[in-house]
Each structure stands twice: as structure tokens, then as C-alpha cells.
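Subject: Handing over the structure, with notes

Dear colleague,

Here is the structure that I promised to pass on to you. Please open it beside this message, and read the notes below with the model in view.

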Amino acid sequence: MPTKSPKATVSLPRSSDDCGIAKLSPEALSLMADFFKVLSEVSRLQIVCSLKTGAKNVTEIIEDTGLGQANVSKHLKMLSQAGVVAREQRGVCVYYRIANPFLFELCDLVCDALAIQVEQQSQQLQQLSNLRQR
């Protein structure tokens with residue numbers, strides 16, 4: 001597993017032999033794809049980010065995200081069905097929390113990889129700009 005350093009690096013497997021997902025069945029890969037599909041929507045990611053600080057009810061999530069009640073409820077249902085969030089009844093309120101905190105590690109890895117990609121693109125654009133100025 002890659003370690004975090006001040007300059008983030010993302011380690012990729014050298015060959016398919018090193019990659020655990022290469023050994024998965026198509027059915028298992030389908031489950032994995034479905035998990036990522038659930039996270040591929042901005043509103044659901046906003047909800048996930050809202051829950052990073054702890055369990056919240058729908059009203060608190062709405063306040064954090066600025067999303068509408070029907071929208072939040074729809075996305076919470078999808079996140080719950082996918083096992084991303086867990087529901088907990090507290091009196092008359094239902095509170096939602098992240099079911100597995102590994103999700104934030106995954107998000108951090110993606111953010112690190114995107115930051116590296118953007119930095120590389122920025123450097124390439126700078127090189128092109130320097131060529132135009134000559």
C-alpha cells in the first residue's frame with residue numbers, strides 16, 4: 001500500500017499479476033463497478049462529505065449541502081442500499097453515518113491522483129506556452 005508523503009505519489013501495479021482485481025470474476029467486477037457508480041454523482045459525494053464529521057439527520061445534511069429534501073432523501077436511499085451509509089433511528093429522527101470509513105481513504109487517494117494529474121497538465125501547458133513565446 002502506498003504511503004503518504006509531502007509530495008503525494010500514486011503507486012500503480014506493474015503487471016496484471018500484481019493486481020488483485022485481475023483475479024475477480026465478472027460478477028465481482030460488476031459489484032465493484034456498481035459501487036463506483038454510486039459514488040459517481042456530485043450530490044452523493046456532497047452527502048458523503050457532509051457525513052465525514054459524523055452522523056447527521058436529513059435536515060442537517062440539507063443545511064450542509066444546500067440540496068433539496070427530496071434530492072437528499074433519494075440519494076441517501078441509494079447510498080444506503082449500496083452500503084455506503086448506515087441508518088440509525090434515534091427517537092423520531094433517522095441519522096445517517098458513513099458505514100465504512102475506508103471511503104475517505106479512497107477519496108484521499110483519488111484527490112491525490114487528480115492533484116498530480118492537474119500539476120502535470122499545468123507543467124505541460126507551461127512548456128507549450130514557453131514554446132509559443134520564443
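Before we come to the rings, one term is needed: two rings of Phe, Tyr or Trp, where Trp is represented by its six-membered ring, count as a pair if their centres lie within 6.5 Å, and the pair is called stacked when the planes are under 30 degrees apart and edge-to-face when they are over 60. Please also keep in mind throughout that this is a predicted model.

How many aromatic pairs does a search of the whole structure find? There are two. In one of them, phenylalanine 35 and phenylalanine 36 meet edge-to-face, with 5.7 Å from centre to centre and 80° between the planes. In the other, phenylalanine 35 and phenylalanine 102 are stacked, with 6.1 Å from centre to centre and 25° between the planes. Because phenylalanine 35 lies in helix α1 while phenylalanine 102 lies in helix α5 (residues 102–133), this stacked pair ties together parts that are 67 residues apart in sequence. Through these ring pairs, Phe35, Phe36 and Phe102 are linked into a cluster. As for their surroundings, phenylalanine 35 is partly exposed at a relative accessible area of 21%, phenylalanine 36 is partly exposed at 42%, and phenylalanine 102 also counts as partly exposed, at 37%.

Turning to the overall layout, the protein has five helices and three strands, and from the N terminus on its elements follow the order α-α-β-α-α-β-β-α. Of the contacts in the protein with a separation of 6 or more, 50% are accounted for by residues 24 or more positions apart.

The three strands form an open sheet in the order β1-β3-β2, with antiparallel pairing. Why is one side of β1 and of β2 left without a neighbour in the sheet? Both β1 (56–57) and β2 (85–90) stand at the edges and have a single partner strand each, so one side of each has no neighbour there. Between β2 and β3 (residues 93–98), the antiparallel pairing runs over six bridges, and you can follow it residue by residue: alanine 86 stands opposite arginine 97 in β3, and glutamate 88 stands opposite tyrosine 95 in β3. The hairpin of β2 and β3 has two residues between the strands, and glycine 91 in this hairpin takes a positive phi near 65°.

The surface deserves a look as well. The accessible surface of the protein comes to about 9,700 Å², and 57% of that belongs to carbon and sulfur atoms, while buried residues make up 20% of the 134 residues. Ile21, Leu24 and Leu29 make a nonpolar surface patch of about 220 Å². Within this group, isoleucine 21 lies in the segment before α1 (26–38) and is partly exposed, with a relative accessible area of 40%.

For a contrasting case, consider serine 43, which is placed in helix α2 (residues 42–50). Is serine 43 buried or exposed? Its relative accessibility is 9%, and since buried means under 20%, serine 43 counts as buried. Apart from its neighbours within four places in sequence, serine 43 is in contact with Leu67, Asn71 and His75.

With best wishes,
A colleague

Methods
Residues are numbered from 1 along each chain as its sequence is written. This is a predicted model: local features need pLDDT of at least 70, side-chain atom pairs count only at pLDDT 80 or more; totals for chains, interfaces and linings use all residues. Side-chain values use heavy atoms; hydrogens and water are left out. Two strands pair if DSSP finds at least two bridges between them. Helices (H or I, at least four residues) and strands (E, at least two) are DSSP runs, numbered from the N terminus. Buried means under 20% relative accessible area, exposed over 50%, partly exposed in between (1.4 Å probe, protein chains only). Contact means heavy atoms within 4.5 Å. Accessible areas come from the Shrake-Rupley method with a 1.4 Å probe; for residues, only the protein chains shown count as cover. Patches are made of residues with over 30% relative accessible area and no salt bridge: like charges are joined within 9 Å, nonpolar side chains (Val, Leu, Ile, Met, Phe, Trp, Tyr) within 5 Å. A salt bridge is a side-chain nitrogen of Lys or Arg within 4 Å of a carboxyl oxygen of Asp or Glu.
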